[in-house]
Amino acid sequence: MTLPKEFQEIAGRVNNWGRWGADDETGTLNLVTDEVVRAAAAEVRTGHRVPLALPLHQDGVQTGMIPGRVNPLHVMVQLNQELFGPGTVACSDDAVTMGLQAGTHWDALTHVSHSGKVYNGRPAQTVTAHGGAAFGGIDKVRHLVSRGVLLDVARARGVDRLAGGHAVTPEDLAAAEEFGRVRVRAGDVVLVRTGQVQVYLAGDKHGYGYPSPGLSVRCPEWFHARDVAAVANDTLTFEMFPPEIENLWLPVHALHLVEMGMLQGQNWNLEELSTACGETGRYAFLLSAMPEPFVGATGTPVAPVAVL
């Protein structure tokens, strides 16, 4: 099926292929320069640290809707075993099986493709069953520390949580900037709060996923104009679900990851951060969100921390 004209026109306006060279594998993270990180460090005032990850456990956010994306299965493989003989120090060890995008995570640039291509015009076939992503895997992201900005769209609209099916628009993002008295800058990592994670935290896993607010197909141009380095939010699907444009599934994924080369994250818990930013009146902070370096992976768990 040919993607609709509206999608193709937006793709043409936000495309970054070749911007950082034909061999580039990290896309908009090139915008996180040493100067950006120094400025990010200057945002720290109190040193208060806010964790942004959901706990990893077998009753996580996954419902079985996406094949193979299983919640973490944690097992003990050693229990107080005296490896070097009786009376020696005993060890306990664990193992985990899980989908790499099961909990709070980053999507790598190769997580989706469209029209047979991944970021920078590489063939989608560079992702294989043996080895995963030969190009643009999450292991190519060697560090991710930058200035974080919370755009608390829900609070800016005067609600605790956006209604399911609400499309977050560029106008919503601009209003959240004004609400937080903050300006998104080049190299920033933008965190968009909808409040949807409250549904999961209240125990309704299915309601968390559907219907869900999320980013509109119009938002990538807003991020592109501001040279944003990465975007994450507090929903299962990132963009609104069911889709904003009938039968056009995951267009924001395709625009961010394939066209722009911009990482996006899902299932981030922004509730404590919303409270902390509201109390201090400061919506910018130092953000550490390092990917786990799984070679060839198209996504990774992440345990981000905002430092205020």
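This is a short walk through one chain, from its overall build to its sheet, loops and hollow spaces.

Good morning. A word of caution to begin: this is a predicted model. Every value I mention is computed from it.

Let's start with the whole chain. The secondary structure comes to 9 helices and 15 strands. How does the chain compare with a globular protein of its length? Its radius of gyration is 20 Å, and the globule rule gives 19 Å for 308 residues. Those two are close, so the chain is as compact as a globular protein of that length. As for outer dimensions, the C-alpha atoms fill a box of roughly 70 × 50 × 40 Å along the principal axes.

Now the sheet. How many strands form it, and in what order? There are 9, and the sheet is open. Read across, the order is E1-E15-E13-E7-E9-E11-E12-E4-E14. The pairing is mixed. At the edges sit strand E1, residues 49-51, and strand E14, residues 299-301. Each of those two pairs on one side only. On average, neighbouring strands are turned by 25 degrees against each other, direction ignored.

A quick reminder: strands of a sheet pair through backbone hydrogen bonds, either parallel or antiparallel.

Take one pair from this sheet. Strand E9 covers residues 189-193, and strand E11 covers residues 230-233. They run parallel, joined by 4 bridges. If you want a spot to click on, try Val190: its bridge partner in E11 is Val231.

Next, a helix against strands. Helix H8 spans residues 251-260. It lies across strand E4, residues 105-107, and strand E12, residues 263-266. With E12, helix H8 makes an angle of about 140 degrees.

On to the loops. Where are the cis peptide bonds I want to show you? One joins Tyr210 and Pro211, with omega about -10 degrees. Pro211 sits in the loop between helix H6, residues 205-209, and strand E10, residues 214-215. Another runs from Phe241 to Pro242, with omega near 5 degrees. Pro242 is in the loop between E11 and H8. So much for the prolines.

Arg181 deserves a look too. Its phi is near 50 degrees, a positive value in a residue other than glycine. Find Arg181 in the loop between helix H4, residues 170-180, and E9.

Last topic: the empty space. Pockets come before cavities. The largest pocket has a volume of about 250 Å³. Which residues lie nearest its centre? They are Leu29, Asn30, Val32, Arg142 and His143, out of 13 lining residues. By class, that lining has 6 nonpolar, 4 polar and 3 charged residues.

Now the cavities. The structure holds 4 of 30 Å³ or more. In the largest cavity there is about 50 Å³ of space. Its lining includes Leu54, Pro55, Leu56 and His57, along with Gly103, Thr104 and Tyr200. What classes make up that lining? There are 7 nonpolar residues, 5 polar ones and no charged residues. Set that beside the largest pocket, where 3 lining residues are charged.

That's the tour. Thank you.

Note on methods:
Residues are numbered from 1 along each chain as its sequence is written. This is a predicted model: local features need pLDDT of at least 70, side-chain atom pairs count only at pLDDT 80 or more; totals for chains, interfaces and linings use all residues. Side-chain values use heavy atoms; hydrogens and water are left out. On a 1 Å grid over the protein atoms alone, a cavity is a set of points where a 1.4 Å probe fits but cannot get out, and a pocket is an open set with protein on both sides within 12 Å along at least five of seven lines; lining residues have an atom within 4 Å of a point. Grid points are joined across faces, edges and corners, and a volume is the space filled by probe spheres set on the points. Ala, Val, Leu, Ile, Met, Phe, Trp, Tyr, Cys and Pro count as nonpolar, Asp, Glu, Lys and Arg as charged, and the others, Gly among them, as polar. Two strands pair if DSSP finds at least two bridges between them. Axes are lines fitted to C-alpha atoms, for helices over the stretch in contact, and angles run from 0 to 180 degrees between N-to-C directions. Contact means heavy atoms within 4.5 Å. The radius of gyration is taken over C-alpha atoms; the globule rule is 2.2 Å times the number of residues to the power 0.38.
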